[in-house]
Amino acid sequence: MTTLLQEWSNGDKVALDKLTPIVYGELRRLARHYMRGERTNITLQTTALVNEAYMRLVDCSRMRFKDRAHFFAVSAQFMRRILVDHARRKNLKRGADVQHISLDEAAILGSDRDADLVMLDDALLALARLDPRKAQVIELRFFGGLTVEETAEILSISPITVMRDWRTAQAWLYRELNGTIAESAKP
């Protein structure tokens, strides 16, 4: 996959033809991970999410994928942007009727999923300003559906460091989201 990504980055259209089924499969895996447990009446289906992410990846003619890990990192960012943009377009009032949840439960949110996703994105952007690597760990594991080992490989850190960053970032996001919810509940 790394060789095909590099050839595609260098303008080889045949490499893109060979890469497409692999890329689509990986995007489907990422989307299924994120969309699992989602309601059946949602407005953004897994297939639409995969198609949009694929179109953005293919449209990135300036993007030069270094390797498989770089591809996964970019894919996770695209998935996050698509999901957050979709949630924002629904014009939900920030924090309205948001149920308190943990980050582990976020993948199976109920009816307030879009509002929660927008709040999580805002908090994740704030975390990225303070500690970019911890924000990347959350993005890769939560939005990208990657394992601890895959995340460690992509970020070139140990799995123990990934778990430490994951726990620290979860605690920080939990505190940040609780503050946002508390602020939105004030009269």
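**Exposure, helices and contacts in a predicted model**

Reader: Does S156 count as buried or exposed, judged by relative accessibility?

Author: S156 has a relative accessibility of 66%. Buried means under 20% relative accessible area, exposed over 50%, and partly exposed in between (1.4 Å probe, protein chains only). By that scale, S156 therefore counts as exposed.

Reader: On what basis are such statements made, and which residue has a positive phi although it is not a glycine?

Author: The model is predicted, so local features need pLDDT of at least 70 and side-chain atom pairs count only at pLDDT 80 or more, while totals for chains, interfaces and linings use all residues. Residues are numbered from 1 along each chain as its sequence is written, and side-chain values use heavy atoms, with hydrogens and water left out. S156 lies in the loop between α7 and α8 (159-185). The residue with a positive phi, about 55°, although not a glycine, is S156.

Reader: What pattern does the protein follow along the sequence?

Author: The protein has eight helices and zero strands; these are DSSP runs numbered from the N terminus (helices H or I, at least four residues; strands E, at least two). Read along the sequence, the pattern is α-α-α-α-α-α-α-α.

Reader: What percentage of the contacts with a separation of 6 or more comes from residues 24 or more positions apart?

Author: A contact is a pair of heavy atoms within 4.5 Å. Among contacts in the protein with a separation of 6 or more, the share from residues 24 or more positions apart is 67%.

Reader: How much of the exposed area do carbon and sulfur atoms supply?

Author: Of the 187 residues of the protein, 47% count as buried. The protein exposes about 9900 Å², an area computed by the Shrake-Rupley method with a 1.4 Å probe. The part supplied by carbon and sulfur atoms is 52%.

Reader: Which residues of α7 make the contact with α6?

Author: Helix α6 (residues 132-143) and helix α7 (residues 148-155) pack at an angle of about 135°, with their axes 10 Å apart, and are therefore oblique to each other. On the α6 side, the contact is made by R133, Q136, V137, L140 and R141. The α7 side consists of V148, T151, I154 and L155.

Reader: How do the residues of the contact of α6 with α7 divide by class?

Author: Ala, Val, Leu, Ile, Met, Phe, Trp, Tyr, Cys and Pro count as nonpolar, Asp, Glu, Lys and Arg as charged, and the others as polar. The residues of this contact divide into five nonpolar, two polar and two charged.

Reader: How are α4 and α6 oriented to each other?

Author: Helix α4 (residues 68-89) and α6 pack at an angle of about 75°, with their axes 9 Å apart. Angles under 35 degrees count as roughly parallel, over 145 as roughly antiparallel, 65 to 115 as roughly perpendicular and the rest as oblique. On this scale, α4 and α6 are therefore roughly perpendicular.

Reader: Which residues of α6 make the contact with α4, and how many residues of that contact are charged?

Author: α4 and α6 pack at an angle of about 75°. From α4 come F72, A73, A76, Q77, M79, R80 and L83, and from α6 come E139, L140 and F143. By class, the contact has seven nonpolar residues and one polar residue, while the charged residues number two.

Reader: How many residues of the contact of α3 with α4 are nonpolar?

Author: Helix α3 (residues 46-59) and α4 pack at an angle of about 125°, with axes 10 Å apart, and are therefore oblique. The contact involves L49, E52, A53, R56 and L57 of α3, together with F71, V74, S75, F78, M79, R81, I82, L83 and D85 of α4. One residue of the contact is polar and four are charged, and the nonpolar residues number nine.

Reader: What separates the C-alpha atoms of V148 and I160?

Author: V148, in helix α7, counts as buried at 12% relative accessibility and touches R141, P159, V162 and M163, not counting residues up to four places away in sequence. I160 lies in helix α8 and is exposed, with a relative accessible area of 63%. The two residues are 12 apart along the chain, and their C-alpha atoms are separated by 8.5 Å.

Reader: Which residue is 30 residues apart in sequence from W166 and 9.6 Å apart in space?

Author: W166 lies in helix α8 and, at 9% relative accessibility, counts as buried. The residue at that C-alpha to C-alpha distance is Q136.

Definitions and conventions:
Axes are lines fitted to C-alpha atoms, for helices over the stretch in contact, and angles run from 0 to 180 degrees between N-to-C directions.
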